[in-house]
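Let's take a walk through this structure together, starting from the inside and working outward. Have the sequence and the 3D view open as you read.

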Amino acid sequence: MELQELIALVKETKTFVKNRERAGHIRTKGCADYVTQVDTDIQSFLARELGRRFPDIQFLGEEEGLHEMSGDTYWILDPIDGTTNLIHDYRHSVVSLALYEKGETALGIIYDPFREDVYCAQRGKGSFLNGMPIHVSDAEALRETIITVGTSPYDRELADENFKRIRRVFDSAQDIRRTGTAAMDLAYVACGRTGGFFEPRLSPWDFAAGQLLVKEAGGQVTDFAGEPLGFSSRSSVVASNGKVHEELRGLL
């Protein structure tokens, strides 16, 4: 499979992302959970183009929701991770595409159209940003790094406990950040901008590409209990440079 061909295809979505008129066509799926015409345009475009190029590979996209896949190889797409950001033109939104193969992610691409950044990884081949190798930070402890956090806005019943976690991490780290896109947060862990990230409930399209980026960059990704992430349901996610993983996980 030609990685550069896939990257070029994903970068074609920039036209959709920059269409502010389409971003204003909004449908509410649930509490703080929105879909714009940009989301559906990108998913339709990539589903069609991937299906044409790779007809034997199934497709799972956020806008069709979680459902049982019959095979062991399929694309996992988040057409816009950071939809609420996109609605407000708060320019932290990315396109996240992963190839799931026999129980794990084989390939991941995260595209930031506002900065023209392409993060990509293939299993066993390392992680890259715009063609250059990237690695996780060398921080030995939380006090030496910043941590990005997710607030699980779709699940407000988790807020009390999650904000207690955030406070515990804030007290131990240099500082915390919140971007509103888990895929971007994972990419930032992979390239060493942050030492870690956590969120209590994410779907496979939120983390499929990013967790491979982190692992291939030398980091670690588990759920809060320290177990590998599953792809059949939503999961808690904690990612780190590996060195601070147990310290961070212990606060969650």
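In this predicted model, nine of the nine residues of helix α7 are buried, so α7 is largely enclosed by the rest of the structure. The buried residues of α7 are Ala182, Ala183, Met184, Asp185, Leu186, Ala187, Tyr188, Val189 and Ala190. Just after this helix, Gly192 adopts a positive phi of about 85°.

Helix α7 also leads us into the nonpolar interior. The largest nonpolar core has 36 residues, and those with the most contacts inside it are Ile76, Ile110 and Tyr119. At least two residues of this core come from each of β4 (73-81), β5 (94-101), β7 (117-122), α7 (182-190), β12 (196-202), α8 (204-216) and β14 (235-240). The biggest contribution is that of α7, which gives eight residues. A second, separate core of 28 residues includes Leu3, Val10, Leu50 and Val118.

Ile110 is a good place to pause. Leaving aside residues up to four places away in sequence, Ile110 touches Val94, Val95, Ser96, Asp117, Val118, Tyr119, Ala183, Ala187, Ala209, Gly210 and Leu213. Among these neighbours is Tyr119, itself one of the residues with the most contacts inside the largest core.

Now for the sheet. Five strands form an open sheet with mixed pairing, in the order β11-β10-β12-β14-β13. The edge positions belong to β11 (175-177) and β13 (220-222); each has a single partner strand, so one side of each is left without a neighbour in the sheet. From one strand to the next, the twist averages 20°.

At the β11 edge, the partner strand is β10 (residues 146-149), and the two pair in the parallel sense over three bridges. One residue pair to look for is Ile146 with its bridge partner in β11, Asp175. Helix α6 (residues 159-172) lies across β10, β11 and β12, and runs at about 175° to β12.

What does the side chain of Asn241 reach? Asn241 lies in the loop between β14 and α9 (245-250), and with a relative accessible area of 4% this residue is buried. The side chain of Asn241 reaches the backbone oxygen of Ser137 at 3.1 Å. A polar atom of that side chain also lies 3.1 Å from the backbone nitrogen of Val244. Not counting residues up to four places away in sequence, Asn241 touches Val136, Ser137, Asp138, Ala139, Val189, Gly195, Gly218 and Gly219. Val189 in this list is one of the buried residues of α7.

Charged side chains make up the last part of the tour. The structure holds 18 salt bridges, and the table shows some of them.

| Salt bridge | Closest N to O distance |
|---|---|
| Arg53 and Glu49 | 2.7 Å |
| Asp89 and Arg91 | 3.2 Å |
| Arg123 and Glu104 | 3.6 Å |

Take Arg53 and Glu49 to begin with. Being four residues apart in helix α4 (residues 37-53), these two are separated by about one helical turn. Are Arg53 and Glu49 buried or partly exposed? Arg53 is partly exposed, because its relative accessible area is 27%. Glu49, at 12% relative accessibility, counts as buried because the cut-off for burial is under 20%.

For the Asp89 and Arg91 pair, Asp89 counts as partly exposed at 32% relative accessibility, and Arg91 is partly exposed at 44%.

The salt bridge between Arg123 and Glu104 links distant parts of the chain: Arg123 sits in the loop between β7 and β8 (127-129), Glu104 in strand β6 (residues 104-112), and the two are 19 residues apart. Arg123 is partly exposed, at 35% relative accessibility, and Glu104 is partly exposed with a relative accessible area of 40%.

Finally, Arg53 and Glu49 belong to a network: salt bridges that share partners join Glu5, Arg48, Glu49, Arg52 and Arg53.

Note on methods: Residues are numbered from 1 along each chain as its sequence is written. This is a predicted model: local features need pLDDT of at least 70, side-chain atom pairs count only at pLDDT 80 or more; totals for chains, interfaces and linings use all residues. Side-chain values use heavy atoms; hydrogens and water are left out. A nonpolar core is a set of buried Ala, Val, Leu, Ile, Met, Phe, Trp, Tyr and Cys residues joined through side-chain atoms within 4.5 Å. Buried means under 20% relative accessible area, exposed over 50%, partly exposed in between (1.4 Å probe, protein chains only). Contact means heavy atoms within 4.5 Å. Two strands pair if DSSP finds at least two bridges between them. Axes are lines fitted to C-alpha atoms, for helices over the stretch in contact, and angles run from 0 to 180 degrees between N-to-C directions. A polar contact is a pair of N or O atoms within 3.5 Å; within protein, one must be able to donate a hydrogen and the other to accept it, and residues adjacent in sequence count only if both atoms are side-chain atoms. A salt bridge is a side-chain nitrogen of Lys or Arg within 4 Å of a carboxyl oxygen of Asp or Glu.
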